[in-house]
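Trainee: Could we go through this one together? I'd like to start with how the chains meet and then turn to the DNA.

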Protein chains: 2
Amino acid sequence: MSGRPAMTDVARLAGVSHQTVSRVLNSFGGVRQTTRLRVLAAIEELGYRPNLAARALVTGRSHTLGLVTMDTTLYGPIATLYGIERAAREAGYFVSVATLRSIDPPSVGEALTRLAEQAVEGVILIAPLASPTDAVATMGRGIPLVAVEGAPDSDLPAVTVDQAAGARAATEHLLSLGHETVFHVAGPGDWLEAQARVAGWRRALAEAGAEVPPLLSGDWTARSGFEAGQTLARIPEATAVFAANDDMALGLLRALHERGRRVPEEVSVVGFDDISAAAYFTPPLTTVHQDFDEVGRRSLALLVELVLARKPSAERVVIAPELVVRQSTASRTPRRAAARASGAVGSGAPG
Amino acid sequence: MSGRPAMTDVARLAGVSHQTVSRVLNSFGGVRQTTRLRVLAAIEELGYRPNLAARALVTGRSHTLGLVTMDTTLYGPIATLYGIERAAREAGYFVSVATLRSIDPPSVGEALTRLAEQAVEGVILIAPLASPTDAVATMGRGIPLVAVEGAPDSDLPAVTVDQAAGARAATEHLLSLGHETVFHVAGPGDWLEAQARVAGWRRALAEAGAEVPPLLSGDWTARSGFEAGQTLARIPEATAVFAANDDMALGLLRALHERGRRVPEEVSVVGFDDISAAAYFTPPLTTVHQDFDEVGRRSLALLVELVLARKPSAERVVIAPELVVRQSTASRTPRRAAARASGAVGSGAPG
DNA sequence: CGATATCCTGTGCGCGTTCACACGATGAAC
DNA sequence: GTTCATCGTGTGAACGCGCACAGGATATCG
């Protein structure tokens, strides 16, 4: 009586047994309409809410899913997180998050253990790094697990964006504009996405018979893009650069600007992600769009399937990215490029 | 036997009662060292993990906190989220997130209800809008609640950054550079932060005896900043602009650039937030830094205090922001500004 | 050696819910 | 009027754990 009302309180008020209340709550049918309404009225009057802990105890189902992610403000993981939470809510699950400073096996293992103790029914791992996937197999304690942007070799079910295809599209776009080759500012080497983008870039160059220039790499930050840009600005042949994400592209633009290399007249730049600010860079950035909301939805759907069916459908969902052309890329011919740049004002804003 | 081992399994293996196992687990003392080790060995051997649902049922404590936030990729809420999760983990709590498309009373109420059903012990509401604070009072069902960046009038415990002080610092900085007045591109009118920044800006102008120019406002996006910038570029007197966040400042810079208004030589621009990319804008952005990690820590500490002590300490934590001067602001004298801008290259990068 | 204090361990119950089953009432069929 | 199915509802037992209390073992002292 003191705390929250329990099922028996409702039952007493409605003049029925607790079992009937349970039937009403779980819409099990087999309850007369009149008593049903009486029970509902009692529930309303007492402000009764079922105790999920008790329910979880007896059913063994917590209706909670775990989400392991890095504490990064990078656009991708965050957008994916929201997509997952929204999908989870609609599917009737709670989401318990565990953030990591870094995706190393011990940290991931610890997070998984934490979530396992909380009796989550499944876990989505936003871990775009190579290292943890092995650890996961051993730490997984039989909990259904879906990886997002990870696990290339492991047989973990995973949802990924086709990074290589995106990188390829970006590179081919630049080559088609007449550039002899394309430089690449890669992400950190231990990020799978970074690796896949490098691979896609290499493939596109090879197929076009273009020379593969030395690879630069950064750590996703604008700062590292800036540093790469300082190097690139000194290389006259660097007329086309593909940066592995938009933030690095931003730093790149900044460095090129400081060194007096005009974009896109002298140097064309392509990014990756299509963050919301990309259309407002100087100049508006040509980049590769990823649908993270879709990633969230698909990964959750896959996890729920796994949780319910228990069959390791070992499926792999691949989502296609899309090149968005704005004003940071132009044909290699200086005349035309300059004319185009001065003529187009503000047309880079999205619809 | 079939599923997870229970406490009785451990007890049987160790040759003690389940109660002794419980004592070992909760380090209640009163257990001989030898039996203690025997129990621990049994736990290890069986891979036993206490069932939190059962524990929650009997103790009434879920060790879970709720976090209500908007599904925005805005820097502030995200950085705060991570800060909270980290602090929660260290304090021994799980974090269950509920994201909202918009912070209106019904949505917040629904999220709170959801979290209440999950038996969270407390809730942190990242709701920088005015509207929901009233709804919270009624929906709060007695759950301890802490607001972040919200609830100016309500007596809800809250953790906030002193937005007005930040806006004031930004405005005074511009005035001190010789600008006759400062234009402001505000955030959405229903955001408390936006309101506070407008107030701080107004106050600073009033104290300096400067004229208050017409207020422009956007929706935090670079796009809206761009649109505001298109307007401002046509106003010759607009030599100093304070944008309510960095993204809008980015759009603003883009618009000014397109219209041929040089920054900072002709127009000085200040942002707010100090997102990591701000140092790599063109030019590097002078902005107001907010310590969101600190916000997360303090709000969690406040909530835990509330959960444990149950006394509505109705405290209010205010965190001071800090002006970071980079290269988007300059003295109003054209000669000196131009010289300074061409001389300083790359010095805007953070240490 | 016995009494008392101290330490350690076990028993039983309750938490709020679901599940398996039993029960009574009602009506139809013979 | 008896039998049987059907429907609606109640009863009792789990689920895994913590708490209060009982009780046995051991130590301390007279």
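Trainee: Which residue stands opposite A:Val97?

Mentor: In this predicted model, A:Val97 faces B:Val95, which belongs to S2(B).

Trainee: And how does strand S2 of chain A run relative to S2(B), parallel or antiparallel?

Mentor: Strand S2 of chain A, residues 94-100, runs antiparallel to S2(B), and three bridges join the two strands.

Trainee: OK, zooming out, how many residues of chain B are in contact with chain A?

Mentor: On the chain B side there are 43 residues, and they are in contact with 42 residues of chain A. The elements of chain B that give two or more residues to that side are H4, helix H5 (75-90), strand S2 (94-100), helix H6 (105-117), helix H10 (222-232) and helix H11 (246-258).

Trainee: Which of them gives the most?

Mentor: That is H11(B), which gives seven residues to the side of chain B that touches chain A. By class, this side of chain B divides into 22 nonpolar, 12 polar and nine charged residues.

Trainee: Switching to the DNA, which residues come nearest to strand C?

Mentor: Of the 24 residues around DNA strand C, the nearest are A:Met7, A:Ser22 and A:Asn51 from chain A, along with B:Ser17 and B:Thr35 from chain B. Helix H2 (18-25) and helix H4 (52-59) of chain A, together with helix H2 (18-25) and helix H4 (52-59) of chain B, are the elements that give two or more residues to the surface near this strand.

Trainee: Which element has the largest share there?

Mentor: The largest share of the surface near DNA strand C comes from H4(A), with five residues, and the classes on that surface are 11 nonpolar, 11 polar and two charged residues.

How values were computed:
Residues are numbered from 1 along each chain as its sequence is written. Chains are lettered from A and ligands numbered from 1 in the order in which they are written. This is a predicted model: local features need pLDDT of at least 70, side-chain atom pairs count only at pLDDT 80 or more; totals for chains, interfaces and linings use all residues. A residue is near a molecule or strand if its C-beta atom, placed from the backbone, lies within 6 Å of it. Helices (H or I, at least four residues) and strands (E, at least two) are DSSP runs, numbered from the N terminus. Ala, Val, Leu, Ile, Met, Phe, Trp, Tyr, Cys and Pro count as nonpolar, Asp, Glu, Lys and Arg as charged, and the others, Gly among them, as polar. Two residues are in contact if their C-beta atoms, placed from the backbone, lie within 7 Å. Two strands pair if DSSP finds at least two bridges between them.
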